[in-house]
Amino acid sequence: CSMAGEEDFFLEEKRFKQYCEDFVKHSQQIGDGWEWRTSKDLGDGYLSKTHFQVRNRHIPPDLEEKNNDNTEPTLFAHVEEPLDDSQAAGAGSTEEVVRYEYHVLYSSSYQVPVLYFRACFLDGRPLTLDEIWGRVHASYQARLQEGPWDTITQQEHPILGQPFFVLHPCRTSEFISAVLGGSQKHRRHTNYIILWLSTVGPVVGLNLPLSYAKLAPEQGTN
Amino acid sequence: MTDDKDVLRDVWFGRIPTCFTLYQDEITEREAEPYYLLLPRISYLTLVTDKVKKHFQKVMRQEEVSEIWFEYEGTPLKWHYPIGLLFDLHASNTALPWSITVHFKNFPEKDLLHCHSKDVIEAHFMACIKEADALKHKSQVINEMQKKDHKQLWMGLQNDKFEQFWAINRKLMEYPPEDNGFRYIPFRIYQATTERPFIQKLFRPIASGGQLHTLGDLLKDVCPSAIIPEDGEQKTQVMIHGIEPMLETPIQWLSEHMSYPDNFLHISIIPRPTD
């Protein structure tokens with residue numbers, strides 16, 4: 001883990017809150033479901049989004065699934081229309097709904113945002129890390145397995161005190177700098193949260209609609 | 001200073017006499033006797049309870065045994081917190097031995113992290129050390145170390161080897177001669193009564209004028225309710241490693257001498273006993 005180097009781009013907490021505010025405004029405009037939650041005691045807070053993912057698993061009748069090590073490509077769909085029986089058509093086809101919860105918190109130790117997430121089935125059973133990995137699209141798994149910023153561990157949520165999975169914040173500032181490059185001036189006009197989340201989010205099944213890229217720089221700041 | 005080194009040893013070798021009892025609803029083939037053990041304050045429950053696990057598994061059937069977890073008076077104990085912190089926070093003003101209940105079923109998914117192997121404990125321990133160094137030295141000292149040095153910190157903790165651990169850890173306790181302390185102090189303040197598990201903020205050990213900040217300064221800044229007396233009476237105690245350090249103690253000194261092996265000062269705010 002490194003935090004050294006003037007070239008690395010660090011995010012002050014005030015700026016983090018401002019970027020989150022702009023982010024939520026845009027999310028509200030496009031109905032993307034993000035909200036800001038403030039903690040009652042200390043006034044800090046985090047971004048939060050919950051969504052349900054439906055997975056249609058087509059199991060050929062002669063193949064019985066024994067465990068979770070399946071390599072069958074699966075279809076992911078956001079629930080836009082109500083689920084109806086026609087989606088579970090045919091023998092050997094099951095539907096699985098997973099509730100994903102994503103939180104973006106600020107790490108004062110590393111001065112970067114950190115992505116926390118957890119997932120559970122509708123009956124409340126939480127997914128294990130293996131099950132979560134199994135649902136990330138194969139192309140991301142391959143590409144990001146080498147990346148040092150893809151380490152996922154289970155950790156205690158610093159505000160809620162409950163177990164969440166966390167994408168390790170160690171190398172965040174390093175890769176953000178690599179992506180942002182350019183002058184300080186340019187950096188200050190880019191919404192760090194959008195840039196960062198659009199890169200790390202897909203690793204854990206979280207996608208940002210392209211319209212976020214249109215977010216005007218420094219909306220609401222100054 | 002000889003005295004200061006003694007503090008390091010006293011912290012390292014602190015022990016809590018504990019009595020482990022199997023949860024009454026666990027299914028056993030014979031009666032389970034309680035198991036007594038001196039727990040190291042500076043270690044982690046899942047690192048030092050192999051003998052406890054073996055003892056109770058002897059009277060249980062294989063199929064009844066899944067991941068072990070511990071509970072004190074109905075509260076699941078977070079294995080990723082150092083043992084001394086758990087005791088200070090939940091049981092410091094109760095009679096010894098500390099009575100912990102052992103479970104092998106119904107793992108509380110909403111409360112506890114899983115701990116499937118020692119590797120998980122090592123990863124957690126090293127992550128804490130790295131975060132502490134990010135605060136103290138912008139990660140420069142930990143990053144300059146070789147992998148074998150990192151390993152030595154973990155092995156020192158795992159095998160209870162004070163000298164082995166401190167041969168490396170002393171480097172994490174140094175600072176440039178032109179500074180008078182670390183950049184920021186790695187600390188966490190815990191109160192059992194809050195939903196928030198702990199308070200952690202950026203805090204400098206040296207004031208802009210060069211004076212050393214004290215424990216009292218830290219508390220005033222991040223947790224004033226801990227030291228402001230209600231109606232003239234101090235309702236709470238500020239505890240580290242089972243003692244109440246004077247509020248005038250420089251926080252830099254506390255960080256160097258009373259941190260846990262993970263390099264964090266874990267501070268408990270607990271109700272003052274009313275006797």
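This is a short tour of chain B and of the place where chain B meets chain A, stop by stop.

Before you start, note that this is a predicted model, in which local features need pLDDT of at least 70, side-chain atom pairs count only at pLDDT 80 or more, and totals for chains, interfaces and linings use all residues. Residues are numbered from 1 along each chain as its sequence is written, chains are lettered from A and ligands numbered from 1 in the order in which they are written, and side-chain values use heavy atoms, with hydrogens and water left out.

**Stop 1: where the chains meet**

Show both chains and select the residues in contact (heavy atoms within 4.5 Å). You should find 27 residues of chain B against 24 residues of chain A. The size of an interface is often given as the accessible area lost when the parts come together. Here the two chains bury about 2,100 Å² between them, 50% of it on carbon and sulfur atoms; buried area is the accessible area (1.4 Å probe) that two parts lose on being put together, summed over both. Now pick out B:Lys110, B:Leu113 and B:Arg196, which lose the most area to chain A on the chain B side, together 27% of what that side buries.

Keep B:Arg196 selected and add A:Asp44: their side chains form a salt bridge, 2.7 Å from N to O. A salt bridge is a side-chain nitrogen of Lys or Arg within 4 Å of a carboxyl oxygen of Asp or Glu, and the rule finds three of them across this interface. Next, colour helix H5 (118-137) and helix H6 (140-144) of chain B, each of which supplies at least two residues of the side that touches chain A. H5(B) gives the most, with five residues. Helices (H or I, at least four residues) and strands (E, at least two) are DSSP runs, numbered from the N terminus.

**Stop 2: the five-stranded sheet**

Strands of a sheet pair through backbone hydrogen bonds, either parallel or antiparallel. Two strands count as paired if DSSP finds at least two bridges between them. In chain B, look for an open sheet of five strands in the order S2-S1-S5-S3-S4, with mixed pairing. Strand S2 (35-40) and strand S4 (75-76) are its edges, each pairing on one side only. Select S1 (residues 15-22) and S5 (residues 98-103) of chain B: they run parallel, joined by five bridges. Between them, B:Thr21 stands opposite B:Thr101.

**Stop 3: the loops beside it**

Most residues other than glycine have a negative phi, and most peptide bonds are trans. Which bond joins B:Leu96 and B:Pro97? Zoom in and you will see a cis peptide bond, with omega about -5°. B:Pro97 sits in the loop between H4 and S5 of chain B. Then jump to B:Glu73, whose phi is near 45°, a positive value; B:Glu73 is in the loop between S3 and S4 of chain B.

**Stop 4: the three-stranded sheet**

Finally, show the open sheet S6-S8-S7 of chain B, where the pairing is mixed. Strand S6 (187-190) and strand S7 (236-239) each have a single partner strand, so one side of each is left without a neighbour in the sheet. S6(B) runs parallel to strand S8 (residues 265-271), and four bridges join them. One pair to click on is B:Ile189 and its bridge partner B:Ile267 in S8(B).
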